[in-house]
Structures are given as C-alpha cells and as structure tokens.
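Me: I have a model open and want to check the terms used for its helices and pockets. Can we go through them one at a time?

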Amino acid sequence: MNLRDLKYILAVAETRHFGRAAERCFVSQPTLSGQIKKLEDELDVVIFERTNRSVEITPVGQVILAHARLALEQTEAIEQVARAHQDPLAGALRIGAIPTLSPYLMPLVLVPLKRTYPKLRLVLSEEITDSLIGRLTRHEIDAALLATPVDETDFETMPLFDEPFWLAHPVNHPLYEQDEITAKDLEDVELLLLADGHCLTHQVMEVCRLAERPTHGEMADLRASSLETLLQLVGAGFGCTLIPALAIRGGWMTDSGIVARPLELPDAYRRISLVFRRSFPRRKTLEAFAEMVREHLPNTVRRRS
C-alpha cells in the first residue's frame, strides 16, 4: 500500500468511473484498475463493486476511504509543517464561499490579505452550501464561508459576523412613504426569491414567516439563480426582496430604481462563519484569514469574536 494507491481509490470514489479517475490521476485506465485490484488483494477486501454501468463503494470500502482521506490530509500536513517552519502563512489556502456572499465580501479582503501575507495564495471557489459541505468532506477545500450552521461533528466553526437583511423595493412602492417597516409589512409584499438550493431563500422565508414559497402573484414561480437578477427585477418594478447588508454596497444602487431599507427586526440577519474540518492542521492560517475578514468589514454588519 502506498499514497499513490490511496489517491487512486479516492479518485474512483469521487468520479464513480475508472476512466475519469484515470484521467484525473494522469495514468491509463488499465494502470489504475490494476493498482486498485492489487490493493484489494493485499487487503483481502473488495472496495468497489464494478458492473458495466456503475461503480459502487462497498461498506468496508467506505471505511477504508475515510481513512485514506485522513492519511492523505496528514501527508499534506507534514509538507505544510515543513513549509510553515519557514513561514506559517505561506502556500495555498483553499476557501469556498456561497454566491450571495463572495462577490461582496472578497473584494474587501483580497487586497489587504495579499498585502499582509504576500506568501499566502488564496484559492477561491463559489458554490451553494450543500456543494461546499460536500467539498469540505472530500478534502477538496480547506474551509468554507457559510451562512447556515453545520451539524457534522467533523466540522468546527469560527463565527465571523452577523449580517442584517435589508429590504429592497422599487422607488414607487407604497412602502417608500413608511418610516419603519414591520414584520406585517413583509407578509404583504410581493416577495422575489432565489432558486431552491440557495440558503438565502430559506433565511428570507424565515424572516418573512413563510412556511413555503408564495403560490400567487406574477413572480411566484420565479427561480432566479443570482441576487443580481433579483435586484434587476426589483428595479423593474416586479416586487421586493431581502438582501444581505454587504450587497447594498454593489453598483446596482446607482440609478437602479431601487430603494434599500434596513429592517429593525431582531431576527432579520444571517450569521456568517468560517467552517472547516476539525482535522485540518493549519488552524493558525485560518485564524489569520478570519481576523483579516473581521478587520475589513463595513459598519453595516456586526463583528463576532
């Protein structure tokens, strides 16, 4: 057994295909298949059940793969410890972020991060929450910026800040004349939501006391994939939406036909946290990144320690 064999079985587990796994590992399919068969013979177990149509992981294979991921992570940790002996804040840091946060937060952080830690290379990916949790589990990223709590015992969380929601409505909306927006007002607006899968949709529904998506109105079937699309619809007069506070800094505020209003409601916010595996060895690097985020937040959000 060697590290190469562990990389091979992880590639097959993640692609569920020997050919694609071989391409990922830059070897021929017979080479990869032969090495995995040798490993199975050595361990006297079957890791993968192969058919003409699919590759399934056996129960014992699931356990072996979990140990393989840890072994490879610890191998990488040894290399990182050696590099960290010279500079603890050098090398790649793979951060994932949800799409309703990344475009607004990362521009605030990237330049000061590079200036303060010039040898740290941030590798950023942007995906919805479920995808990021999956990538964390598979050790494809080091940490994720999320707006929903995680229950997995393998994860640890660093709270960064609480981000209030603001109401975005057209300039000619009846709410324009009101000094304060109440929870009852939110129940009566034509609410625009993102497509299912975005955690922001569920959070907005909770703030507005909605048990399910609106089933009436012109935009009840809307499944927009981005916050920018929703804001364009608001500006065109199709309804209202709730936006996280960092998003009010976007360029859409200029001549957009949109009014953004803070909500004086105690539960109208989302908590942004940095989530990572408990086994991740470079905690000092994550702490430095988290502190950099906190230091460069605008006063529209509430920092967490």
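Me: How do you know how the axes of α2 and α3 are placed, and at what angle do they cross?

Reply: This is a predicted model, so every value here is computed from it. The axes of α2 and helix α3 (residues 29-43) come within 8 Å. They cross at roughly 100 degrees.

Me: Why are α2 and α3 called roughly perpendicular?

Reply: Angles of 65 to 115 degrees count as roughly perpendicular. The crossing is at roughly 100 degrees. Therefore α2 and α3 are roughly perpendicular to each other.

Me: Which residues of α2 and α3 meet?

Reply: From α2 come Phe18, Gly19, Ala21, Ala22 and Cys25. From α3 come Gln29, Leu32, Ser33 and Ile36. By class, this contact has six nonpolar, three polar and no charged residues.

Me: What makes α5 oblique to α10?

Reply: The axes of helix α5 (residues 102-116) and helix α10 (residues 283-295) cross at roughly 120 degrees. The roughly perpendicular range is 65 to 115, and roughly antiparallel needs over 145. The crossing angle fits neither class, so α5 is oblique to α10. The two axes come within 9 Å.

Me: Is the crossing of α5 and α10 left-handed or right-handed, and which residues make the contact?

Reply: The crossing of α5 and α10 is right-handed. On the α5 side, the contact is made by Leu105, Met106, Val109, Pro112, Leu113 and Thr116. On the α10 side, Phe289, Met292 and Val293 take part. These residues divide into eight nonpolar, one polar and no charged.

Me: Now the pockets. What volume does the largest pocket have, and which residues are closest to its centre?

Reply: The volume of the largest pocket is about 490 Å³. It is lined by 16 residues, and the closest to its centre are Lys7, Leu10, Leu72, Glu76 and His139.

Me: Which helices supply the lining of the largest pocket, and how do its residues divide by class?

Reply: α1 (3-15), α2 (18-25) and α4 (59-86) each supply at least two residues. The largest share, six residues, comes from α4. By class, the lining has four nonpolar, two polar and 10 charged residues.

Me: What lines the second largest pocket?

Reply: The second largest pocket has a volume of about 340 Å³. Its lining residues include Ala66, Arg69, Leu70, His139, Asp154 and Arg277. Here too, the largest share comes from α4, with three residues. The lining divides into three nonpolar, three polar and six charged residues.

Methods:
Residues numbered from 1 in each chain as written. Predicted model: local features only at pLDDT ≥ 70, side-chain atom pairs only at ≥ 80, totals over all residues. Heavy atoms only, no water. Axes fitted to C-alpha atoms, helices over the stretch in contact; angles between N-to-C directions. Helix = DSSP H or I, 4+ residues; strand = E, 2+ residues; numbered from the N terminus. Parallel < 35°, antiparallel > 145°, perpendicular 65-115°, else oblique. Left-handed = near helix turned anticlockwise from the far one by under 90°. Contact = heavy atoms within 4.5 Å. Nonpolar A, V, L, I, M, F, W, Y, C, P; charged D, E, K, R; others polar. 1 Å grid on protein atoms, 1.4 Å probe; cavity = no way out; pocket = protein on both sides within 12 Å on 5 of 7 lines; lining within 4 Å. Points joined across faces, edges and corners; volume = space filled by probe spheres on them.
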